[in-house]
Amino acid sequence: MIKRAQRSGARARWNHEVRAPRCARHAAAAWLTLLITAGLGAQPAQPRLQNAKLETRAVQGSLDATFKGILGSQSAAAWIAYAAPMIPGERQMCCWNTRNDVTCQGCSLEPTPTGTPAFPNQPAAAVRLEGAPEFFVFFRVEGNQVGKIRTFSMDCNIDAGGLQVFWLTGVNAAQSVALLESLMPTTDFREDRRMVDNALSAIALHKDPAADAALDRNVVASKPEQVRRQAAFWLGNARGQHGYQTLTRLLREDASEAVREHAVSALAQSKEPGAISTMLTVARDDKSAKVRGQALFWLAQRAEARISEDAIRRAIEQDPETQVKKRAVFALTQIPHGEGVPMLIEVARGHKNDAVRKEAMQWLGRSKDSRALKFFEDVLR
């Protein structure tokens, strides 16, 4: 892989066009842009572009200034893209399609007549990049405005649909986070919500402390609920210990039931050691029945069977809300390998709350488990 290096002196700028490869020369074509750039000197990794009118520019001054300079002069549809350092872990951001029994890996930036990317003869990459150091951020611009944000992993083939692609080098990670945050719309139209979601996910993937601060800013009470929910998800999914701490604070202090409920779901994505313990506390102590029920649901899927069963039993026996008891019964169905079935049968046999007992019978009937069948045979006898 070509290593990242900075170009010095005046702005580096050159043009070349990359066309779609044929299967017979897949190995060479897949890295065509990298090889062309390598001939000009060591550069940051570029994506596997096809059907692109590629122009490479070095960032001058700041990313924001360089980006706005292109945006201000670009009325026709085009894409601006760059590489950014990525958080550790294997993350596949690409498209997979099967055509004529051949699986193809690649995404189209623009709509295609067939609705599938232009990689009909190109097989999937033989080797995945595990724990890749960078990922790619693409911005679609037209009429001097940004209309879309997309992210791709380094091994993804990308078809640009014949459009101009401005490839930026020398991008600072913190400036990339700031640019993405500045492009988040404040209105609530469907396309705007999609832009916000994509910007937040791109921010979360950055291996830079600026991403933590940006997500924290977008989870505060003054932000729209949908933005807060999405920021919370990425704090749990991608931001490690910092994300865990922010979510714990939300669950302890935030007044919004909906946000706390979503924070539990986000916490379930966290791999931090304290996540399970925090969910246990929420399942027992949160003032909202919906939030307690959500915590039980995720405990069943994430915690060890013994831990989740203890929390669920406590809720079924002691929680004051029937709604939570019923949610706990459903959580038993989510414990892997059918380990919740014995307790379901126990609840169905003898719980004093008729609604809870009925709920257990309902889920036993749907389980198709042989132990459930035996239970119903005994009841009918």
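Two strands count as paired if DSSP finds at least two bridges between them. Strands (E, at least two residues) and helices (H or I, at least four) are DSSP runs, numbered from the N terminus. Keep those in mind for the tour.

What you have open is a predicted model, where local features need pLDDT of at least 70, side-chain atom pairs count only at pLDDT 80 or more, and totals for chains, interfaces and linings use all residues. Residues are numbered from 1 along each chain as its sequence is written, and side-chain values use heavy atoms, with hydrogens and water left out.

**The whole chain**

Show everything as cartoon to begin. The protein chain has 16 helices and eleven strands. Of its 381 residues, 50% are buried, where buried means under 20% relative accessible area, exposed means over 50%, and partly exposed is in between (1.4 Å probe, protein chains only). Switch on a surface and you are looking at about 18,300 Å² of exposed area, with carbon and sulfur atoms supplying 50% of it. That area comes from the Shrake-Rupley method with a 1.4 Å probe; for residues, only the protein chains shown count as cover.

**Stop 1: strand S4 and its partners**

Select residues 78-85. This is strand S4, and seven of its eight residues are buried. Now add S8, residues 134-142. Eight bridges join S4 to S8, and the two run antiparallel. To see one of these bridges, pick Ala-83, whose partner in S8 is Phe-136.

Next add strand S11, residues 164-169, which pairs with S4 in the parallel sense over five bridges. Here, look for Tyr-82, with Leu-168 of S11 opposite. In a regular strand the side chains alternate between the two faces of the sheet.

**Stop 2: a turn off S8**

Follow S8 into the loop that leads to strand S9 (145-153) and stop at Asn-144. Most residues other than glycine have a negative phi. Asn-144 is not a glycine, yet its phi is positive, about 65 degrees. Its relative accessibility is 35%, so Asn-144 counts as partly exposed.

Asn-51 makes a good companion: its phi is also positive, near 50 degrees. Find Asn-51 in the loop between S2 and strand S3 (52-58). This one, at 23% relative accessibility, counts as partly exposed.

**Stop 3: the open sheet**

From Asn-51, step back onto S2. Three strands form an open sheet here, in the order S2-S10-S7, with parallel pairing. The edge strands are S2 (48-50) and S7 (107-108), each of which pairs on one side only. Select 157-159 for S10, which is joined to S7 by two bridges. Cys-107 is the residue to click on, as it stands opposite Ile-158 in S10.

**Stop 4: helix H6**

Now select residues 209-217, helix H6, where Ala-211, Asp-212, Ala-214, Leu-215 and Asp-216 are buried. What covers them? Among the elements doing so are helices H4 (173-182), H5 (190-204), H7 (225-238) and H8 (240-253).

Show side chains at the N-terminal end. Asp-208 caps H6 there, with a side-chain oxygen 2.9 Å from the backbone nitrogen of Ala-210. (A polar contact is a pair of N or O atoms within 3.5 Å; within protein, one must be able to donate a hydrogen and the other to accept it, and residues adjacent in sequence count only if both atoms are side-chain atoms.)

Then zoom in on Asp-212, which is buried at a relative accessible area of 15%. Leaving aside neighbours within four places in sequence, Asp-212 is in contact (heavy atoms within 4.5 Å) with Arg-239 and His-242.

**Stop 5: the aromatic cluster**

Finish by selecting Phe-297, Trp-298, Phe-330 and Trp-363, which ring pairs link into a cluster. Rings of Phe, Tyr and Trp (its six-membered ring) pair if their centres lie within 6.5 Å; planes under 30 degrees apart count as stacked, over 60 as edge-to-face and the rest as tilted.

The whole structure holds ten aromatic pairs. One of them, Phe-297 with Phe-330, is stacked, at 5.9 Å centre to centre and 0 degrees between the planes. Phe-297 lies in helix H11 (residues 289-302) and Phe-330 in helix H13 (residues 322-332), so this pair ties together parts that are 33 residues apart in sequence. Phe-330 also pairs with Trp-363, this time tilted, at 4.9 Å and 50 degrees. Trp-363 sits in helix H15 (residues 354-367) and counts as buried at 17% relative accessibility.

Last click: Arg-366, which lies over the face of Trp-363 at 4.7 Å from the ring centre. For that label, NZ of Lys or CZ of Arg must be within 6 Å of the ring centre and within 35 degrees of the ring normal.
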